[in-house]
Structures are given as structure tokens and as C-alpha cells.
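Got your viewer open? Let's take a walk through this structure, one selection at a time.

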Amino acid sequence: MELGRKLVARDDLLTSEKQRTRLEIGDLLLDVAPMGNEEPSSGSRELIRAFAADIGMTVEMAREYRGVAAGCDGALRQVLAESDVTVSYSVVREAALGFSLPKETREAENALGREERARRRQERWEILLRMLQEPGRRRVTAQEFRAAIGARPIPNSASAMTAEKIVEQLDRPDVRSAVMASVMEPAFLVEAFAADPMVELRIRDSLAQVAQVTSSRESASAPEETDERLVLQFRRRVNLLYGLVEMHPEQIINIADEDMLNDLEKACEGVVHWAQRLHSARTSGKAGVR
């Protein structure tokens, strides 16, 4: 569980390592609930749900990462690691799950026997492996691979939508996933994120604000779902704080410049004051304190 929380925090912070990190999270979920020949039992589903909640991720994400990890074995991972061609997590997800295939195609494939499903999955991987061997290729984009396997270019035809319409639908996991995959494809954006981590943080804050706006439009008929989202976001922030305090001071000094160290010390002073207020609020039994 501790490793899972660290991996979720790493997935949040290290954008360039999402493929490896998410496969490792999927491997952990396979350890918790091994993949059987049939659909997961109620016991397995409950194990996945509980483990996902404990490490700070949604059940949907947990199921996805588990499925991708099961569909990307060690030999395939070795090929991807040794290749000079950049392959994003979105591409690996398409190869393992056929994530963006038309709904009727996915449903028909899921109804097949295990051997036939494995054969179709292998066909997708063979397409990707051939793309890796193309002379002069530096990366395989999600759009290219989706086209190669006959999947939709972007969920919900987002490429034909206005920017305002896309923003309105960012609370939908498929749209948000497609947009983030598209954003992360250009090499210059990856370099920008590496050069300035605040760029990624600002994007995450913007997406969080959009999620808050869209969820405020929902009816009050699903309070439990809204509460779960808030708890999930808070748990992720707590896990990030754990990840920070686990770093050795010498490691931080080697990474940060003088300005960053000053900001960190100020932030720590703020955390101390905040922790005192939290303790006071808990002991006095107050609720709704801001």
C-alpha cells in the first residue's frame, strides 16, 4: 500500500514516466487481485475498490491500469524500454485494451473467448512493434496508432469541437484522457514540463477548477459521488505531502536553488501553523472551519 501511494504521487509529478509508473501500479493491482479467466469476482472487485481508495485513485483508473499491465507482458515492456522511439502510456493502453475502438467492436471482442481476445490484442501489439521499426521514426503518437488499429482518432470527435465545448466536457474521463494525451504528444510540451514543473501544476489546477464547475452543475441526487471525488483529491494531496517529507534534506538541497529553498522553508512554516489550527479544530469539535 505504501508503494502504491508513492507510485500515485510519482504519476502526479513525473509526467515523463507515466508509462512505467502506471504499469507498475497495474502490477500492484494484479498482485492484489490476480487476473483470472473470467470476469472479476465480487471479492476481487471489492479488493480493487478498497486498494484504489487507500492509495488515492479512482476505481475506474485502477481497473484500467490493471488491465493494461495484464496486457503488456515483460517481453513487450523490454522492447519498449530498449527502443529509441517514444511511446506514451496512451499508445500502450490502446495496444493492451483497444481503448478507443468503437463501442460495438469492444463489446464484441469482450464477448469472445480468452484465446481469441489474446489473438486480437497480439495483432495490435504487432502493429505497434512494426511502427517502432520504421526508419527515422522518433515517436508513435496516440492519434497515429489509433488510426492504424481502426480506432476513433479522439473520443467524441474532440478535434472537431470548439475549445469551449471541450472545456464543458472535461469532467468526462474519456474526454479528459483524450485531451491530456493530445497535449502530451508534442515533444516541446514534454520539454516545457521538464524545464518548469509549475507549468504542469497550473494545468492541473485549471483542470481541477473545471471539474469543480462541472460538478456544481450536477443535481443534488448524487451526493455520495461528489463526496468521493473530494475525498479522493484530498487523499492525493496528502500522499504528495508524504512524498515530500520522505525526501532527505541533502537530496532537496542538491535539487533546489536558493529561492526554492526559501519558498520551501516558508511553506513548512505555513504547514506548522496550519497543523496547529487543524489540531485545535479537531479537539474543539468544530466543523466547516476554513
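Start by selecting Ala-81, which is found in helix H5. Keep in mind as you click around that this is a predicted model. Is Ala-81 buried or exposed? Its relative accessible area is 62%, so Ala-81 counts as exposed. Now add Arg-20 to the selection: Ala-81 and Arg-20 are 61 residues apart in sequence, yet their C-alpha atoms are 9.2 Å apart in space.

**Zoom out**

Show the whole protein chain as a cartoon. You have 16 helices and two strands to look at. If you colour by burial, the buried residues make up 31% of the 290 residues in the chain. As for contacts with a separation of 6 or more, 64% of them link residues 24 or more positions apart.

**H2 against H3**

Next, select helix H2 (residues 18–32) and helix H3 (residues 42–55). Their axes come within 9 Å and cross at roughly 135°, which makes H2 oblique to H3. The crossing of H2 and H3 is right-handed. Turn on side chains here: from H2 you want Leu-28, Leu-29 and Val-32, and they meet Leu-47, Ile-48 and Phe-51 of H3. By class, that contact has six nonpolar residues, no polar ones and no charged ones.

**The loop between them**

Stay around here and pick Met-35, in the loop between H2 and H3. Met-35 counts as partly exposed because its relative accessibility is 39%. What does Met-35 touch, leaving aside residues up to four places away in sequence? The list is Leu-30, Arg-66, Gly-67 and Ala-70. Try a distance label between Met-35 and Arg-66: they sit 31 residues apart along the chain, and their C-alpha atoms are separated by 8.5 Å.

**H3 against H4**

Keep H3 and add helix H4 (59–70). These two pack at an angle of about 110°, with their axes 9 Å apart, and are therefore roughly perpendicular to each other. The crossing of H3 and H4 is right-handed. Who meets whom here? On the H3 side, pick Ile-48, Arg-49 and Ala-52; on the H4 side, Val-59, Ala-62, Arg-63 and Arg-66. This contact has four nonpolar residues, no polar ones and three charged ones. You've already clicked on two of these: Ile-48 also meets H2, and Arg-66 also touches Met-35.

**H6 against H8**

Move on to helix H6 (89–97) and helix H8 (114–132). H6 and H8 pack at an angle of about 145°, and their axes are 7 Å apart. To see the contact, show Val-91, Val-92, Glu-94, Ala-95, Ala-96 and Leu-97 from H6, along with Arg-121, Arg-124, Trp-125 and Leu-128 from H8. Sorted by class, those residues give seven nonpolar, no polar and three charged.

**Last stop: the core**

Keep Trp-125 and Leu-128 on screen, then add Met-57, Leu-80, Val-140 and Phe-145. Of the 35 residues in the largest nonpolar core, these six touch the most other members. Which helices each supply at least two residues of this core? They are H1 (2–13), H2, H3, H4, H5 (74–82), H6, H8 and H9 (142–148). The largest share, five residues, comes from H6.

Terms used: Residues numbered from 1 in each chain as written. Predicted model: local features only at pLDDT ≥ 70, side-chain atom pairs only at ≥ 80, totals over all residues. Heavy atoms only, no water. Axes fitted to C-alpha atoms, helices over the stretch in contact; angles between N-to-C directions. Helix = DSSP H or I, 4+ residues; strand = E, 2+ residues; numbered from the N terminus. Parallel < 35°, antiparallel > 145°, perpendicular 65-115°, else oblique. Left-handed = near helix turned anticlockwise from the far one by under 90°. Contact = heavy atoms within 4.5 Å. Nonpolar A, V, L, I, M, F, W, Y, C, P; charged D, E, K, R; others polar. Core = buried A, V, L, I, M, F, W, Y, C linked by side-chain atoms within 4.5 Å. Buried < 20%, exposed > 50% of the residue type's maximum accessible area, 1.4 Å probe, protein only.
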